[in-house]
Amino acid sequence: MYRGVEVLEENHIVEAVTERVRGRADAAMDVLDEFDDLDSRIRERITRLRGA
């Protein structure tokens, strides 16, 4: 399993989001950025619809 995560890190697909060595958490930042963007667009649309 650790080798798989290492390969993903080497290819810049995931990166560590904690500084711990044991119990470290990794995340696919591009995917999280897309979710953040989607959340912003949904919130904007809801705000517009409520104002209409």
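Relative accessible area is used to class residues as buried (under 20%), exposed (over 50%) or partly exposed (in between), with a 1.4 Å probe and protein chains only. By this scale R24, with a relative accessible area of 38%, is partly exposed. The structure is a predicted model, in which local features need pLDDT of at least 70 and side-chain atom pairs count only at pLDDT 80 or more, whereas totals for chains, interfaces and linings use all residues. Residues are numbered from 1 along each chain as its sequence is written, and side-chain values use heavy atoms, with hydrogens and water left out.

The protein chain contains two helices and two strands, arranged from the N terminus in the order α-β-β-α. These elements are DSSP runs numbered from the N terminus, helices being H or I runs of at least four residues and strands E runs of at least two. The protein chain is more spread out than a compact globule, because its radius of gyration is 17 Å, well over the 10 Å that the globule rule gives for 52 residues. Here the radius of gyration is taken over C-alpha atoms, and the globule rule is 2.2 Å times the number of residues to the power 0.38. The C-alpha trace spans about 50 × 20 × 15 Å along its principal axes. Of the 52 residues in the protein chain, 4% are buried. The exposed surface of the protein chain amounts to about 5000 Å², of which carbon and sulfur atoms supply 54%; accessible areas come from the Shrake-Rupley method with a 1.4 Å probe, and for residues only the protein chains shown count as cover.

Six salt bridges are found in a search of the whole structure, a salt bridge being a side-chain nitrogen of Lys or Arg within 4 Å of a carboxyl oxygen of Asp or Glu. One of them joins the side chains of R24 and E9, with an N to O distance of 3.0 Å. Since R24 lies in the loop between strand 1 and strand 2 (26-27) and E9 in helix 1, this pair ties together parts that are 15 residues apart in sequence. E9 is partly exposed, at a relative accessible area of 23%. R24 also meets D26 in a salt bridge, at 3.5 Å from N to O, and D26 is partly exposed with a relative accessible area of 29%.

In helix 2, a salt bridge links R43 to D39, with the closest N and O atoms 3.0 Å apart. The two residues are four apart in that helix, and R43 and D39 are therefore separated by about one helical turn. R43 counts as exposed at 54% relative accessibility, whereas D39 counts as partly exposed at 32%. Elsewhere, R3, E6 and E10 are joined into one network by salt bridges that share partners.

The protein chain carries 9 positive and 13 negative side chains, and the centres of these two sets lie 8 Å apart. Lys and Arg count as positive and Asp and Glu as negative, while His and the chain ends are not counted; each charge is placed at NZ of Lys, CZ of Arg, CG of Asp or CD of Glu. Surface patches are made of residues with over 30% relative accessible area and no salt bridge, like charges being joined within 9 Å and nonpolar side chains (Val, Leu, Ile, Met, Phe, Trp, Tyr) within 5 Å. A patch of negative charge on the surface gathers E15, D30, D33, E34 and D36. Helix 2 (residues 29-51) supplies the largest share of this patch, four residues. E15 is placed in strand 1 (residues 15-16) and counts as partly exposed at 44% relative accessibility.

A nonpolar surface patch of about 520 Å² is made by V31, L32, F35, L38, I42 and I46. Within this group, L38 belongs to helix 2 and is partly exposed, with a relative accessible area of 38%. L38 and L8 are separated by 30 residues in sequence and by 24 Å in space, C-alpha to C-alpha.

Backbone geometry was also examined at H12. This residue, which is not glycine, has a positive phi near 60°. H12 is located in the loop between helix 1 (2-10) and strand 1, and H12 is exposed, with a relative accessible area of 69%.
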